[in-house]
Amino acid sequence: AGFAISESTIPIKSTDSYALVLLTGWINSIKAIVAGLIISSLIGILFGICSISKNILLRFISFIYVSIARQVPLLIQLLFWYFVVLLPISRNPIHILNSWIIISNQKIAIGSLNLSVEFSALIIGLSIFTGASIAEVIRGGIKSVYKGQWEAYQSLGMNEFLGLRRIILPQSLHAIIPGLTSQYLNLAKNSTLAIAIGYPDIYAISDTTITQTGRAIEGFFLLMASFLLINTILTMLMEKANLYVISSTKFKK
């Protein structure tokens with residue numbers, strides 16, 4: 001291939017083939033997408049529940065977060081987290097919780113887990129941006145549950161948290177999953193913006209490969225095939241989850 005990769009899961013050298021270099025980029029993309037899906041889901045669930053809370057402060061915080069995160073383009077958010085937040089902070093190493101978390105210009109270490117600054121900025125930006133949309137999906141799904149179900153758990157003496165977890169959320173999943181699927185697919189596609197902050201994902205490496213070889217047709221075909229495969233797998237998993245929810249949830253008149 002003739003070029004090195006700044007971050008890779010498998011050992012790789014500049015003398016390795018284009019196939020191995022592209023495989024490394026594909027693995028890097030999968031890492032970013034999976035981490036983004038998990039973290040954005042947690043953020044979305046948290047703020048989605050806060051948005052329908054009886055606590056005015058929690059609703060206000062959720063409203064501010066969703067409003068800002070959804071209105072600012074993802075590319076700007078990625079550049080902000082990389083150039084404005086992480087890079088300036090990492091110039092002088094920061095030790096948090098007795099050095100359990102270390103932020104430096106080389107990496108961000110959390111316990112035994114070492115993350116590059118580029119990967120960290122990508123995950124933070126993707127998770128915050130997508131989490132805001134997921135929060136709205138969660139809020140809409142919860143609001144779709146019949147009002148009588150809310151009155152039912154309150155009449156049983158359940159608190160708000162228990163009622164949401166055991167009564168409301170299970171019934172709202174059939175309305176949440178389709179919207180959640182769209183946000184997951186968007187996150188996978190948006191991960192290609194990693195090239196703006198120097199993270200070597202499949203798109204960044206394919207771009208370099210196309211530039212060096214001049215084989216644009218083959219390069220873009222591989223890109224399209226890669227994301228078609230990733231998004232097809234995501235869609236199939238979410239469809240199975242949706243079918244399971246529909247079959248396991250019984251509504252009686």
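## Salt bridges, a buried serine and a nonpolar patch

The side chains of R70 and E136 come together in a salt bridge, with 3.7 Å from N to O. R70 belongs to helix α2 (residues 56-71) and E136 to helix α4 (residues 117-143), so this pair ties together parts of the chain that are 66 residues apart in sequence. The pairing does not stand alone: salt bridges with shared partners join R70, E136 and R139 into one network. As for accessibility, R70 counts as partly exposed at 42% relative accessibility, and E136 is partly exposed too, with a relative accessible area of 24%. Please keep in mind that all of this describes a predicted model.

### The chain as a whole

Let's step back for the overall picture. The chain has 253 residues, and buried residues make up 41% of them. Its secondary structure comes to eight helices and four strands. Read from the N terminus, the order of elements is α-α-α-β-β-β-β-α-α-α-α-α, which puts the four strands between three helices and five helices. The C-alpha trace spans about 70 × 45 × 35 Å along its principal axes. Among contacts between residues at least 6 apart in sequence, 67% join residues at least 24 apart. The chain exposes about 14300 Å², and carbon and sulfur atoms supply 67% of that area.

### More on the salt bridges

How many salt bridges does the structure hold? There are four. Side chains of opposite charge can pair when their charged atoms come close. Three of the pairs are listed here with their N to O distances.

| Pair | Distance |
|---|---|
| R70 and E136 | 3.7 Å |
| K31 and E7 | 3.8 Å |
| K13 and D16 | 3.8 Å |

In the K31 and E7 salt bridge, K31 lies in helix α1 (residues 18-50) and E7 in the segment before α1, so the pair ties together parts that are 24 residues apart in sequence. K31 counts as partly exposed because its relative accessibility is 31%, while E7 counts as buried at 14%.

The salt bridge between K13 and D16 also brings together two kinds of environment. K13 counts as exposed, at 52% relative accessibility, whereas D16 counts as buried, at 15%.

### A buried serine in helix α8

S226 is found in helix α8 (residues 216-248). Is S226 buried or exposed? With a relative accessible area of 12%, S226 is buried, since buried means under 20%. Which backbone oxygen does the side chain of S226 reach? That of L222, at 2.7 Å. Leaving aside neighbours within four places in sequence, S226 is in contact with W26 and I202.

### A nonpolar patch on the surface

Turning to the surface, I89, I94, I96, L97, W100, I110 and L113 make a nonpolar patch of about 600 Å². One of these residues, I96, lies in strand β1 (residues 94-96). I96 is partly exposed, with a relative accessible area of 34%. That value fits with membership of the patch because patches are made of residues with over 30% relative accessible area.

How values were computed
Residues are numbered from 1 along each chain as its sequence is written. This is a predicted model: local features need pLDDT of at least 70, side-chain atom pairs count only at pLDDT 80 or more; totals for chains, interfaces and linings use all residues. Side-chain values use heavy atoms; hydrogens and water are left out. Patches are made of residues with over 30% relative accessible area and no salt bridge: like charges are joined within 9 Å, nonpolar side chains (Val, Leu, Ile, Met, Phe, Trp, Tyr) within 5 Å. Accessible areas come from the Shrake-Rupley method with a 1.4 Å probe; for residues, only the protein chains shown count as cover. Helices (H or I, at least four residues) and strands (E, at least two) are DSSP runs, numbered from the N terminus. Buried means under 20% relative accessible area, exposed over 50%, partly exposed in between (1.4 Å probe, protein chains only). A polar contact is a pair of N or O atoms within 3.5 Å; within protein, one must be able to donate a hydrogen and the other to accept it, and residues adjacent in sequence count only if both atoms are side-chain atoms. Contact means heavy atoms within 4.5 Å.
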